[in-house]
Amino acid sequence: AVPASKVVLGLPYYGYDWPTPNGTMSAGATGTPTPVATGQVLGSGHTVYWDPVTETAWTAYQVNGQWHEDHFMDPTSLYLATEMARAAGVDGVGAWALGMDGNDPAVVAALDGVQPAADAVPGPLGTPGAAPPPTTTPVPVVPPSLPAPPPLTTPPTTAPAPTPTTP
């Protein structure tokens with residue numbers, strides 16, 4: 001087994017857009033998913049909701065009568081994943097698909113362990129976000145109880161190679 005101290009957890013700057021029959025969290029997919037960048041979803045202007053089961057963000061919207069749902073990692077879910085990695089003793093976290101953050105500093109800051117502003121994001125760190133579409137049953141969001149994270153380790157420094165000596 002690989003020790004946690006030698007693991008870097010890769011986190012995605014993307015999610016998936018699913019066609020659905022309606023805009024509810026329980027809607028089943030009616031087609032294949034399409035990858036979507038976190039920055040694209042956050043910049044779309046669609047209301048963002050919080051899924052307390054997966055601790056990730058999602059949104060629902062219609063295009064030409066077709067419902068879509070996007071499930072993705074937002075600053076809050078990235079921050080929670082970063083804190084989980086710290087609590088587990090993982091060496092660090094990294095982003096998968098750099099450039100897909102929409103140049104949102106909160107997305108990058110979450111990877112550095114900076115908690116998003118409570119009023120800026122949905123989910124357990126702030127207000128629960130906008131109410132879900134009227135056909136869903138709201139689920140209360142309970143803040144997670146995370147232990148205090150250990151400090152992130154710094155990369156080991158390497159000593160210079162010894163200088164060979166001649167007898």
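# Worked exercises on a predicted model

S5 and S6 form a hairpin with 2 residues between the strands, and Asn-64 in the turn has a positive phi of about 50°. Helices (H or I, at least four residues) and strands (E, at least two) are DSSP runs numbered from the N terminus. Two strands pair if DSSP finds at least two bridges between them.

A bit of housekeeping before we start. Residues are numbered from 1 along each chain as its sequence is written, and side-chain values use heavy atoms, with hydrogens and water left out. This is a predicted model, where local features need pLDDT of at least 70, side-chain atom pairs count only at pLDDT 80 or more, and totals for chains, interfaces and linings use all residues.

## Exercise 1: take stock

Work out how many helices and strands the protein has and how they follow one another.

Step 1. Count the elements: you should get 3 helices and 7 strands.

Step 2. Read them off along the sequence, and the pattern comes out as β-β-β-α-β-β-β-α-β-α.

Step 3. Check the confidence. pLDDT is the predictor's confidence in each residue, from 0 to 100. The protein has a mean pLDDT of 75, with 68% of its residues at 70 or more.

Step 4. Flag the weak stretch. Residues 123–163 stay under 50 in pLDDT, and the model gives them 53 contacts (heavy atoms within 4.5 Å) beyond four places in sequence.

## Exercise 2: lay out the sheet

Find the strand order of the open sheet and say which strands stand at the edges.

Step 1. Start with S2 (residues 14–20). Strand S3 (residues 34–37) is joined to S2 by 4 bridges, running antiparallel, and Asp-17 has Thr-34 as its bridge partner in S3.

Step 2. Now look at what else S2 pairs with. S2 and S6 (residues 66–72) are antiparallel too, over 6 bridges. In S6, His-71 stands opposite Tyr-16 and His-68 stands opposite Pro-19.

Step 3. Carry on from S6. There are 7 bridges between S5 and S6, again antiparallel, and here Tyr-61 has His-68 as its bridge partner.

Step 4. Finish with S4. Its antiparallel link to S5 has 3 bridges, with Tyr-49 partnered by Trp-58 in S5.

Step 5. Put it together: the 5 strands form an open sheet in the order S3-S2-S6-S5-S4, with antiparallel pairing. S3 and S4 (49–51) are the edge strands, each with a single partner, so one side of each has no neighbour in the sheet. On average, neighbouring strands are turned by 35° against each other, direction ignored (axes are lines fitted to C-alpha atoms, for helices over the stretch in contact, and angles run from 0 to 180 degrees between N-to-C directions).

## Exercise 3: compare two turns

Locate Glu-55 and Asn-64 and decide whether each is buried, partly exposed or exposed.

Step 1. Fix the scale: buried means under 20% relative accessible area, exposed over 50%, partly exposed in between (1.4 Å probe, protein chains only).

Step 2. Glu-55 sits in the loop between S4 and S5 (56–63). That hairpin has 4 residues between its strands, and Glu-55 takes a positive phi near 50° there. With a relative accessible area of 31%, Glu-55 is partly exposed.

Step 3. Asn-64 is in the loop between S5 and S6. Its phi is positive, about 50°, although Asn-64 is not a glycine. At 83% relative accessible area, Asn-64 is exposed.

Step 4. Set S5 against that: 6 of its 8 residues are buried.

## Exercise 4: dig into the interior

Identify the residues of the largest nonpolar core and the element that gives the most to this core.

Step 1. Use the rule: a nonpolar core is a set of buried Ala, Val, Leu, Ile, Met, Phe, Trp, Tyr and Cys residues joined through side-chain atoms within 4.5 Å.

Step 2. The largest core has 11 residues, including Leu-11, Trp-50, Met-73, Leu-78 and Val-107. H2 and helix H3 (105–111) are the elements giving two or more residues to this core, and H2 gives the most, with 4.

Step 3. Another core, of 5 residues, lies apart from the largest one; among its members are Val-36, Val-41, Val-48 and Phe-72.

## Exercise 5: find the salt bridge

Which residue forms a salt bridge with Arg-86?

Step 1. Apply the criterion: a side-chain nitrogen of Lys or Arg within 4 Å of a carboxyl oxygen of Asp or Glu. The count comes to 1.

Step 2. The partner is Glu-83, with the closest N and O atoms 3.9 Å apart.

Step 3. Check the spacing: Arg-86 and Glu-83 are 3 residues apart in H2 (residues 75–87), so about one helical turn separates them.

Step 4. Check accessibility: Arg-86 counts as buried at 15%, and Glu-83 is buried at 7%.
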